[in-house]
Amino acid sequence: MVNFNNDWDGILQDEFEKPYYKALREFLKKEYKTQTIFPDMYDIFNALKATPYGNVKAVIIGQDPYHGPGQAHGMCFSVRKGIPKPPSLVNIFKELENDLGIKEPDDGFLEPWAKQGVLLLNSVLTVRKGMANSHAGKGWEIFTDTVIQKINDKNSPVVFLLWGAYAREKAKIVTNKKHLLLTAAHPSPLSAYNGFFGCRHFSKANTFLTENGISEINWDIR
């Protein structure tokens, strides 16, 4: 049984008894025994552990975890201190500096965002070493779509930052008019110049939150 040690426990408890999740769990048991899988099995749910349901004020959606050694730790786009920042994360910090004048930090550990209510959610929560999307279609998408649906049901306004075509697909789950959808190109070097740079999502998110009486996010993790 998965324990988040916060209000997600009651909200998501039924998911773990559903056939799709039981099949996913059996698949993961075999994968972790026979392959190199990221993140560590104890880090899979770190995003939900760090950001309780009641605290969620913003959601950033990634596709699947980084697939290089030491990178993934259960929060999309984030790497732990001491790990070189991947190119997409470097571009996120470039846009943050262009938008709000916040200088690029020394590390890419985004937990300070999570602690303020930014859910850093990958759609697929595990991956084989060196094989992007290798755990797609195994059931994780059903689980994380449920998480998005539960956030859509919240009465308090939430801002969704959807970067890239894959994340934008999730917009159809967000039907509650209280929420704000911000969409842009993916921050990867292949697409950042096609609409991620200049999107100003960080300031737009804070404007939306303050207009709704919600404390803004301090995006400066230095």
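Q: Let's start with one residue: in which helix is K29 found?

A: K29 sits in helix α2, which covers residues 19–34. Keep in mind that this is a predicted model.

Q: And is K29 buried, exposed or partly exposed?

A: For that label, buried means under 20% relative accessible area and exposed means over 50%. K29 comes out at 46%, so it counts as partly exposed.

Q: How do I check what span α2 should have?

A: Use the rise of 1.5 Å a residue: the 16 residues of α2 should span 22 Å. The end C-alpha atoms of α2 are 23 Å apart, which agrees.

Q: Which residues of α2 are buried, then?

A: First the general idea: an α-helix has 3.6 residues a turn, so residues three or four places apart point the same way. In α2, the buried ones are Y20, Y21, L24, L28, E31 and Y32. They cover an arc of only 95° around the axis, which puts them on the same side of α2. P19, K30, K33 and T34 are exposed on the other side.

Q: What do the buried residues of α2 pack against?

A: Their partners are β1 (37–38), β4 (127–128) and α6 (140–152).

Q: Moving on to the sheet, what is the strand order?

A: It's an open sheet of four strands, ordered β3-β2-β5-β6, with parallel pairing. β3 (118–122) and β6 (180–184) are at the edges with a single partner strand each, so one side of each has no neighbour in the sheet. From one strand to the next, the twist averages 20°.

Q: How many bridges join β2 to β5?

A: Four, between residues 58–62 and residues 159–163. A58, for instance, has V159 in β5 as its bridge partner.

Note on methods
Residues numbered from 1 in each chain as written. Predicted model: local features only at pLDDT ≥ 70, side-chain atom pairs only at ≥ 80, totals over all residues. Heavy atoms only, no water. Helix = DSSP H or I, 4+ residues; strand = E, 2+ residues; numbered from the N terminus. Buried < 20%, exposed > 50% of the residue type's maximum accessible area, 1.4 Å probe, protein only. Expected span 1.5 Å × (residues − 1). Arc of directions from axis to C-beta. Contact = heavy atoms within 4.5 Å. Pairing = 2+ DSSP bridges. Axes fitted to C-alpha atoms, helices over the stretch in contact; angles between N-to-C directions.
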